[in-house]
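Open the model in your viewer and keep the sequence panel beside it. This tour tells you what to select next and what is there.

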Amino acid sequence: MLDKLTQLPEDSILGLAAACRVDPNPHKVDLTVGIYMSEAGICPVFDAVRLAQQALIEEETTKAYMPPAGDATFNTGMQRLVMGGDSPALAAGRVSSIQTPGGCGAIRIGAEVIHAAAPDARVWVSDPTWPVHIPLLGSVGLSFETYRYYDPAEHGVNFEGMVADLQQARRGDVVLLHGCCHNPCGADLSLEQWGTIADMAERQGFLPFVDIAYQGLGDGLETDAAGVRLLAERLPELIIAASCSKNMGLYRERTGAAIFVCASADNARALVSQAQVAARRIYSMPPAHGALLAGRILSDEALTANWEDELQAMCRRINGLRTSLMSKLQQHSDRDFSFIEREKGMFSFLGLTPAQALALREQHSVYMLDSSRINVAGVNGANIDYLAEAVGKVLRG
Ligand code: LMR
(Lines give C-alpha, C1' and ligand atoms only; values in the text may rest on other atoms or scores of the structure.)
Protein backbone atom coordinates (compact mmCIF):
# COMPACT_ATOMS: atom_id res chain seq x y z
CA MET A 1 0.00 0.00 0.00
CA LEU A 2 2.73 2.48 0.89
CA ASP A 3 4.58 1.87 -2.36
CA LYS A 4 2.00 4.07 -4.12
CA LEU A 5 3.44 7.09 -2.37
CA THR A 6 5.89 9.24 -4.29
CA GLN A 7 8.54 11.71 -3.21
CA LEU A 8 7.08 15.16 -2.54
CA PRO A 9 8.79 18.40 -3.53
CA GLU A 10 10.92 20.16 -0.91
CA ASP A 11 9.28 22.78 1.33
CA SER A 12 9.63 26.17 -0.38
CA ILE A 13 11.44 27.62 2.66
CA LEU A 14 13.07 24.72 4.52
CA GLY A 15 14.22 23.04 1.28
CA LEU A 16 16.29 26.09 0.31
CA ALA A 17 17.78 26.33 3.80
CA ALA A 18 18.83 22.67 3.48
CA ALA A 19 20.37 23.36 0.07
CA CYS A 20 22.34 26.28 1.53
CA ARG A 21 23.63 24.12 4.40
CA VAL A 22 25.32 21.71 1.99
CA ASP A 23 26.67 24.41 -0.36
CA PRO A 24 30.49 24.27 0.03
CA ASN A 25 31.02 27.92 -1.08
CA PRO A 26 32.66 29.71 1.90
CA HIS A 27 30.97 32.98 0.81
CA LYS A 28 27.44 31.51 0.84
CA VAL A 29 24.71 33.71 2.33
CA ASP A 30 21.61 32.16 3.89
CA LEU A 31 18.62 34.52 3.78
CA THR A 32 15.98 31.77 3.70
CA VAL A 33 14.27 30.78 6.98
CA GLY A 34 13.07 33.51 9.34
CA ILE A 35 15.61 33.04 12.10
CA TYR A 36 17.39 35.89 13.87
CA MET A 37 21.14 35.56 13.24
CA SER A 38 23.65 37.58 15.23
CA GLU A 39 26.55 39.55 13.77
CA ALA A 40 28.59 36.35 14.25
CA GLY A 41 26.12 34.48 12.04
CA ILE A 42 24.59 32.32 14.78
CA CYS A 43 21.08 32.15 16.19
CA PRO A 44 21.78 33.07 19.83
CA VAL A 45 20.16 31.78 23.03
CA PHE A 46 18.76 34.78 24.95
CA ASP A 47 20.55 35.43 28.23
CA ALA A 48 17.17 35.39 30.06
CA VAL A 49 16.41 32.00 28.49
CA ARG A 50 19.77 30.64 29.65
CA LEU A 51 19.11 31.89 33.20
CA ALA A 52 15.55 30.53 33.27
CA GLN A 53 16.84 27.23 31.94
CA GLN A 54 19.48 26.92 34.67
CA ALA A 55 16.84 27.56 37.34
CA LEU A 56 14.42 25.12 35.72
CA ILE A 57 17.00 22.33 35.61
CA GLU A 58 17.80 22.88 39.30
CA GLU A 59 14.15 22.86 40.35
CA GLU A 60 12.47 20.47 37.95
CA THR A 61 11.10 17.44 39.77
CA THR A 62 9.03 15.70 37.10
CA LYS A 63 8.58 15.07 33.43
CA ALA A 64 4.91 14.11 33.82
CA TYR A 65 2.53 15.35 31.12
CA MET A 66 1.64 19.03 30.98
CA PRO A 67 -2.02 19.89 31.65
CA PRO A 68 -4.06 19.92 28.40
CA ALA A 69 -4.17 23.74 28.31
CA GLY A 70 -0.45 23.97 29.12
CA ASP A 71 1.35 25.94 31.80
CA ALA A 72 -0.93 28.41 33.61
CA THR A 73 1.88 30.93 34.30
CA PHE A 74 2.82 30.88 30.63
CA ASN A 75 -0.78 31.35 29.54
CA THR A 76 -1.30 34.35 31.83
CA GLY A 77 2.03 35.86 30.78
CA MET A 78 1.26 35.50 27.08
CA GLN A 79 -2.20 37.01 27.44
CA ARG A 80 -0.68 40.08 29.11
CA LEU A 81 2.19 40.30 26.64
CA VAL A 82 -0.10 40.32 23.62
CA MET A 83 -3.18 42.08 25.00
CA GLY A 84 -1.35 44.55 27.29
CA GLY A 85 -1.60 44.62 31.08
CA ASP A 86 -4.43 47.16 30.98
CA SER A 87 -6.61 45.36 28.44
CA PRO A 88 -10.31 45.85 29.23
CA ALA A 89 -11.11 42.42 27.73
CA LEU A 90 -8.56 40.81 30.08
CA ALA A 91 -9.98 42.67 33.08
CA ALA A 92 -13.48 41.49 32.13
CA GLY A 93 -12.31 37.86 32.02
CA ARG A 94 -13.21 37.67 28.33
CA VAL A 95 -9.77 36.33 27.33
CA SER A 96 -8.61 32.72 27.51
CA SER A 97 -5.79 30.77 25.92
CA ILE A 98 -4.05 27.47 25.60
CA GLN A 99 -0.37 26.74 25.19
CA THR A 100 0.38 25.28 21.77
CA PRO A 101 3.33 23.68 19.96
CA GLY A 102 4.64 26.94 18.45
CA GLY A 103 2.71 29.59 16.56
CA CYS A 104 1.83 26.89 13.98
CA GLY A 105 0.06 24.91 16.70
CA ALA A 106 -1.84 28.05 17.64
CA ILE A 107 -2.96 28.60 14.05
CA ARG A 108 -4.06 24.99 13.78
CA ILE A 109 -5.97 25.14 17.08
CA GLY A 110 -7.57 28.42 15.98
CA ALA A 111 -8.63 26.70 12.75
CA GLU A 112 -10.10 23.76 14.68
CA VAL A 113 -12.17 26.07 16.86
CA ILE A 114 -13.36 28.06 13.83
CA HIS A 115 -14.34 24.84 12.08
CA ALA A 116 -16.28 23.67 15.14
CA ALA A 117 -18.19 26.98 15.21
CA ALA A 118 -18.66 27.44 11.47
CA PRO A 119 -17.57 24.54 9.23
CA ASP A 120 -18.37 26.55 6.10
CA ALA A 121 -16.31 29.55 7.17
CA ARG A 122 -14.20 31.09 4.44
CA VAL A 123 -10.79 32.35 5.55
CA TRP A 124 -9.61 35.51 3.82
CA VAL A 125 -5.82 35.50 3.47
CA SER A 126 -3.56 38.30 2.30
CA ASP A 127 -1.92 38.09 -1.11
CA PRO A 128 0.76 37.08 -0.39
CA THR A 129 0.77 35.28 2.94
CA TRP A 130 3.10 32.84 4.70
CA PRO A 131 2.70 29.70 2.56
CA VAL A 132 2.21 27.43 5.60
CA HIS A 133 -0.98 29.32 6.57
CA ILE A 134 -2.79 27.47 3.79
CA PRO A 135 -2.12 23.86 4.86
CA LEU A 136 -2.44 24.74 8.56
CA LEU A 137 -5.94 26.15 8.08
CA GLY A 138 -6.96 24.17 5.02
CA SER A 139 -6.27 20.73 6.51
CA VAL A 140 -9.08 21.38 8.97
CA GLY A 141 -11.48 21.81 6.06
CA LEU A 142 -11.76 25.59 5.88
CA SER A 143 -11.87 27.23 2.45
CA PHE A 144 -10.02 30.33 1.31
CA GLU A 145 -10.56 33.68 -0.30
CA THR A 146 -7.73 36.10 -1.02
CA TYR A 147 -7.53 39.83 -0.42
CA ARG A 148 -5.08 42.15 -2.15
CA TYR A 149 -2.32 43.26 0.21
CA TYR A 150 1.16 43.89 -1.17
CA ASP A 151 1.69 46.11 -4.16
CA PRO A 152 5.04 45.08 -5.67
CA ALA A 153 5.22 48.21 -7.85
CA GLU A 154 4.80 50.56 -4.89
CA HIS A 155 6.55 48.26 -2.36
CA GLY A 156 3.81 48.86 0.16
CA VAL A 157 0.32 47.88 1.28
CA ASN A 158 -2.40 48.26 -1.33
CA PHE A 159 -4.90 49.31 1.32
CA GLU A 160 -7.54 50.42 -1.15
CA GLY A 161 -7.44 46.97 -2.78
CA MET A 162 -7.49 45.27 0.62
CA VAL A 163 -10.57 47.20 1.72
CA ALA A 164 -12.34 46.65 -1.60
CA ASP A 165 -11.76 42.89 -1.38
CA LEU A 166 -12.67 42.60 2.28
CA GLN A 167 -15.98 44.29 1.58
CA GLN A 168 -17.02 40.84 0.35
CA ALA A 169 -16.24 39.23 3.74
CA ARG A 170 -19.43 38.48 5.63
CA ARG A 171 -20.63 37.26 9.03
CA GLY A 172 -19.29 33.73 9.48
CA ASP A 173 -16.09 34.51 7.53
CA VAL A 174 -12.65 34.83 9.06
CA VAL A 175 -10.02 37.39 8.06
CA LEU A 176 -6.45 36.33 8.74
CA LEU A 177 -4.24 39.33 9.52
CA HIS A 178 -0.53 39.58 10.30
CA GLY A 179 -0.23 41.43 13.64
CA CYS A 180 3.11 43.01 12.68
CA CYS A 181 6.20 42.34 10.54
CA HIS A 182 4.18 40.84 7.68
CA ASN A 183 5.58 37.53 6.47
CA PRO A 184 6.65 37.57 3.62
CA CYS A 185 6.55 41.26 2.62
CA GLY A 186 7.43 43.30 5.74
CA ALA A 187 4.76 45.92 4.86
CA ASP A 188 2.46 46.58 7.83
CA LEU A 189 -0.84 48.36 8.37
CA SER A 190 -0.82 51.76 10.07
CA LEU A 191 -2.86 52.12 13.25
CA GLU A 192 -5.40 54.13 11.29
CA GLN A 193 -5.72 51.25 8.82
CA TRP A 194 -6.22 48.80 11.70
CA GLY A 195 -9.05 51.12 12.77
CA THR A 196 -10.64 50.80 9.33
CA ILE A 197 -10.42 46.99 9.56
CA ALA A 198 -12.09 47.16 12.99
CA ASP A 199 -14.88 49.33 11.50
CA MET A 200 -15.40 46.77 8.74
CA ALA A 201 -15.40 43.82 11.17
CA GLU A 202 -18.01 45.63 13.29
CA ARG A 203 -20.17 46.44 10.30
CA GLN A 204 -19.82 43.20 8.36
CA GLY A 205 -19.49 40.78 11.27
CA PHE A 206 -16.41 38.86 10.14
CA LEU A 207 -14.03 37.38 12.73
CA PRO A 208 -10.40 38.60 12.66
CA PHE A 209 -7.74 35.96 13.27
CA VAL A 210 -4.40 37.64 13.99
CA ASP A 211 -1.09 35.84 13.57
CA ILE A 212 1.42 37.78 15.71
CA ALA A 213 4.55 35.67 15.39
CA TYR A 214 7.00 38.61 15.39
CA GLN A 215 5.93 40.85 18.29
CA GLY A 216 8.93 42.91 19.39
CA LEU A 217 10.91 42.70 16.16
CA GLY A 218 9.30 45.56 14.22
CA ASP A 219 9.06 48.64 16.44
CA GLY A 220 9.05 47.07 19.92
CA LEU A 221 6.72 44.90 22.01
CA GLU A 222 4.06 47.56 22.65
CA THR A 223 3.94 49.25 19.25
CA ASP A 224 3.90 45.91 17.44
CA ALA A 225 0.81 44.82 19.37
CA ALA A 226 -1.08 48.10 18.89
CA GLY A 227 -3.15 46.79 15.96
CA VAL A 228 -4.29 43.61 17.66
CA ARG A 229 -5.04 45.54 20.87
CA LEU A 230 -7.14 48.00 18.91
CA LEU A 231 -9.20 45.12 17.50
CA ALA A 232 -9.57 43.62 20.99
CA GLU A 233 -10.92 46.92 22.34
CA ARG A 234 -13.41 47.35 19.56
CA LEU A 235 -14.68 43.85 18.80
CA PRO A 236 -16.46 41.20 20.85
CA GLU A 237 -14.51 38.30 19.36
CA LEU A 238 -11.01 37.73 18.09
CA ILE A 239 -8.57 34.82 17.78
CA ILE A 240 -4.82 35.39 18.13
CA ALA A 241 -1.94 33.04 17.36
CA ALA A 242 1.18 34.09 19.29
CA SER A 243 4.67 32.62 19.23
CA CYS A 244 7.85 32.73 21.32
CA SER A 245 9.97 31.36 18.48
CA LYS A 246 11.34 34.68 17.32
CA ASN A 247 10.95 37.08 20.22
CA MET A 248 12.42 34.68 22.79
CA GLY A 249 14.48 32.65 20.35
CA LEU A 250 12.65 29.47 21.39
CA TYR A 251 12.28 28.22 17.81
CA ARG A 252 12.99 24.53 18.42
CA GLU A 253 11.10 24.43 21.71
CA ARG A 254 7.78 24.93 19.88
CA THR A 255 6.28 27.50 22.22
CA GLY A 256 3.11 29.33 21.27
CA ALA A 257 -0.35 30.30 22.44
CA ALA A 258 -3.82 30.33 20.94
CA ILE A 259 -5.60 33.27 22.55
CA PHE A 260 -9.38 33.77 22.40
CA VAL A 261 -11.07 37.09 23.02
CA CYS A 262 -14.73 36.25 23.56
CA ALA A 263 -18.04 38.01 24.05
CA SER A 264 -18.31 36.76 27.66
CA ALA A 265 -16.25 35.07 30.38
CA ASP A 266 -18.40 31.95 30.02
CA ASN A 267 -17.68 31.81 26.33
CA ALA A 268 -13.94 32.29 27.02
CA ARG A 269 -14.05 29.17 29.25
CA ALA A 270 -15.99 27.26 26.60
CA LEU A 271 -13.33 28.09 24.03
CA VAL A 272 -10.59 26.58 26.22
CA SER A 273 -12.57 23.35 26.45
CA GLN A 274 -13.02 23.32 22.66
CA ALA A 275 -9.32 23.99 22.12
CA GLN A 276 -8.28 21.29 24.60
CA VAL A 277 -10.46 18.68 22.91
CA ALA A 278 -9.04 19.69 19.52
CA ALA A 279 -5.49 19.45 20.90
CA ARG A 280 -6.23 16.01 22.39
CA ARG A 281 -7.17 14.63 19.01
CA ILE A 282 -4.11 16.11 17.27
CA TYR A 283 -1.16 15.99 19.71
CA SER A 284 -2.75 15.40 23.16
CA MET A 285 -0.85 17.96 25.20
CA PRO A 286 1.81 20.60 24.54
CA PRO A 287 5.58 20.28 25.10
CA ALA A 288 6.86 21.62 28.43
CA HIS A 289 10.32 23.05 28.16
CA GLY A 290 9.88 26.24 26.16
CA ALA A 291 6.67 27.31 27.89
CA LEU A 292 8.18 26.73 31.32
CA LEU A 293 11.09 29.00 30.34
CA ALA A 294 8.85 31.67 28.80
CA GLY A 295 6.50 31.51 31.79
CA ARG A 296 9.43 32.12 34.15
CA ILE A 297 10.71 35.02 32.08
CA LEU A 298 7.31 36.68 31.84
CA SER A 299 6.54 36.28 35.56
CA ASP A 300 9.90 37.45 36.95
CA GLU A 301 10.65 41.17 36.85
CA ALA A 302 14.41 40.83 36.52
CA LEU A 303 14.21 38.17 33.82
CA THR A 304 11.57 40.18 31.95
CA ALA A 305 13.80 43.28 31.96
CA ASN A 306 16.81 41.25 30.83
CA TRP A 307 14.78 39.66 28.00
CA GLU A 308 13.26 42.97 26.88
CA ASP A 309 16.70 44.62 26.71
CA GLU A 310 18.08 41.88 24.51
CA LEU A 311 14.98 41.87 22.30
CA GLN A 312 15.17 45.65 21.89
CA ALA A 313 18.81 45.34 20.85
CA MET A 314 17.83 42.73 18.24
CA CYS A 315 15.06 44.94 16.95
CA ARG A 316 17.42 47.93 16.69
CA ARG A 317 19.98 45.79 14.89
CA ILE A 318 17.44 44.55 12.34
CA ASN A 319 16.34 48.12 11.66
CA GLY A 320 19.99 49.17 11.34
CA LEU A 321 20.60 46.31 8.90
CA ARG A 322 17.65 47.52 6.84
CA THR A 323 19.29 50.95 6.47
CA SER A 324 22.73 49.52 5.69
CA LEU A 325 21.36 47.03 3.16
CA MET A 326 19.36 49.72 1.42
CA SER A 327 22.42 51.92 0.96
CA LYS A 328 24.74 49.05 -0.04
CA LEU A 329 22.24 47.86 -2.65
CA GLN A 330 21.95 51.38 -3.99
CA GLN A 331 25.73 51.51 -4.45
CA HIS A 332 25.49 48.50 -6.78
CA SER A 333 22.29 49.31 -8.65
CA ASP A 334 20.32 52.35 -9.77
CA ARG A 335 17.07 50.84 -8.41
CA ASP A 336 15.30 52.47 -5.51
CA PHE A 337 15.66 50.18 -2.48
CA SER A 338 14.36 52.70 0.07
CA PHE A 339 11.38 50.43 0.79
CA ILE A 340 13.70 48.08 2.70
CA GLU A 341 14.16 50.78 5.31
CA ARG A 342 10.41 51.44 5.56
CA GLU A 343 9.44 47.78 6.01
CA LYS A 344 9.36 45.98 9.36
CA GLY A 345 10.60 42.80 10.95
CA MET A 346 12.66 40.05 9.42
CA PHE A 347 11.36 40.01 5.87
CA SER A 348 11.31 42.05 2.68
CA PHE A 349 10.93 41.17 -0.98
CA LEU A 350 13.95 42.44 -2.91
CA GLY A 351 11.74 42.76 -5.99
CA LEU A 352 13.69 40.24 -8.09
CA THR A 353 12.22 37.73 -10.53
CA PRO A 354 12.34 34.00 -9.69
CA ALA A 355 14.99 33.65 -12.44
CA GLN A 356 17.12 36.32 -10.73
CA ALA A 357 16.69 34.61 -7.33
CA LEU A 358 17.82 31.36 -8.97
CA ALA A 359 20.81 33.06 -10.58
CA LEU A 360 21.85 34.43 -7.18
CA ARG A 361 21.74 30.91 -5.78
CA GLU A 362 23.49 29.20 -8.65
CA GLN A 363 26.11 31.82 -9.47
CA HIS A 364 26.77 33.41 -6.08
CA SER A 365 25.48 30.98 -3.40
CA VAL A 366 23.14 33.71 -2.13
CA TYR A 367 19.99 31.91 -0.94
CA MET A 368 16.64 33.68 -0.77
CA LEU A 369 13.16 32.40 -1.55
CA ASP A 370 12.08 32.28 -5.21
CA SER A 371 9.80 35.23 -4.47
CA SER A 372 13.00 37.16 -3.50
CA ARG A 373 11.88 37.24 0.15
CA ILE A 374 14.99 37.77 2.27
CA ASN A 375 15.51 37.28 5.96
CA VAL A 376 17.05 40.66 6.78
CA ALA A 377 18.32 39.21 10.06
CA GLY A 378 20.61 36.91 8.04
CA VAL A 379 22.63 39.91 6.83
CA ASN A 380 25.79 40.87 8.74
CA GLY A 381 28.94 42.95 8.42
CA ALA A 382 30.82 40.04 6.88
CA ASN A 383 28.34 39.25 4.09
CA ILE A 384 26.62 42.56 3.27
CA ASP A 385 29.10 43.73 0.60
CA TYR A 386 29.21 40.34 -1.09
CA LEU A 387 25.41 40.18 -1.04
CA ALA A 388 24.88 43.69 -2.44
CA GLU A 389 27.50 43.15 -5.14
CA ALA A 390 25.91 39.82 -6.16
CA VAL A 391 22.42 41.39 -6.35
CA GLY A 392 23.85 44.25 -8.43
CA LYS A 393 25.51 41.80 -10.85
CA VAL A 394 22.33 39.75 -11.26
CA LEU A 395 20.25 42.88 -11.81
CA ARG A 396 22.62 44.03 -14.57
CA GLY A 397 22.08 40.59 -16.17
C1 LMR B 1 9.67 31.57 7.88
O2 LMR B 1 8.70 32.04 7.26
O3 LMR B 1 10.80 31.48 7.37
C4 LMR B 1 9.48 31.11 9.29
O5 LMR B 1 8.22 31.42 9.73
C6 LMR B 1 9.87 29.71 9.51
C7 LMR B 1 8.95 28.71 8.87
O8 LMR B 1 8.54 27.77 9.56
O9 LMR B 1 8.64 28.83 7.69
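Two strands count as paired if DSSP finds at least two bridges between them. Keep that in mind for the sheet below. One caution before starting: this is a predicted model.

**Stop 1: the two domains.** Colour residues 2-41 and 317-396 as domain 1, and 65-299 as domain 2, following the domain assignment of the chain. Their C-alpha centres lie 28 Å apart. Now select the contact: 16 residues come from domain 1 and 19 residues from domain 2. On the domain 1 side, pick strand β11, residues 347-349. Strand β11 gives the most to that side, with three residues. By class, the domain 1 side has seven nonpolar, six polar and three charged residues.

**Stop 2: the sheet.** Select seven strands in the order β2-β10-β9-β8-β7-β3-β4. They form an open sheet with mixed pairing. Which strands are at the edges? They are β2 and β4 (143-148), and each pairs on one side only. The twist averages 25° from one strand to the next.

**Stop 3: a parallel pair.** Zoom in on β7 (residues 174-178) and β8 (residues 207-212). Five bridges join these strands, which run parallel. Look for L177, which stands opposite V210 in β8.

**Stop 4: helices on the sheet.** Add helix α3, residues 72-83. Helix α3 packs on the sheet and touches β2, β8, β9 and β10. Its direction makes about 120° with that of β2. Then add helix α10, residues 226-234. Helix α10 lies across β8, β9 and β10, running at about 155° to β8.

**Stop 5: strand β10.** Select residues 256-261. How many of the six residues of β10 are buried? The count is six of six. G256, A258 and F260 point one way, while A257, I259 and V261 point the other way. Now show the neighbours. Strand β2 (residues 95-100) runs antiparallel to β10, with six bridges between them. Strand β9 (residues 238-243) is also antiparallel to β10 and joined to it by six bridges. Centre on G256: T100 stands opposite it, and S243 has G256 as its bridge partner.

**Stop 6: the ligand.** Finish by selecting the residues around the ligand: I13, V33, G34, W130, V132 and N183. Four are nonpolar, two are polar and none is charged. Colour by domain again: domain 1 and domain 2 each supply at least three residues to this shell.

Technical notes. Residues are numbered from 1 along each chain as its sequence is written. This is a predicted model: local features need pLDDT of at least 70, side-chain atom pairs count only at pLDDT 80 or more; totals for chains, interfaces and linings use all residues. A residue is near a molecule or strand if its C-beta atom, placed from the backbone, lies within 6 Å of it. Ala, Val, Leu, Ile, Met, Phe, Trp, Tyr, Cys and Pro count as nonpolar, Asp, Glu, Lys and Arg as charged, and the others, Gly among them, as polar. Domain bounds come from an automatic or database domain assignment. A residue is buried if 20 or more other C-beta atoms lie within 10 Å of its own, exposed if 12 or fewer, and partly exposed in between; C-beta atoms are placed from the backbone. Helices (H or I, at least four residues) and strands (E, at least two) are DSSP runs, numbered from the N terminus. Two residues are in contact if their C-beta atoms, placed from the backbone, lie within 7 Å. Axes are lines fitted to C-alpha atoms, for helices over the stretch in contact, and angles run from 0 to 180 degrees between N-to-C directions.
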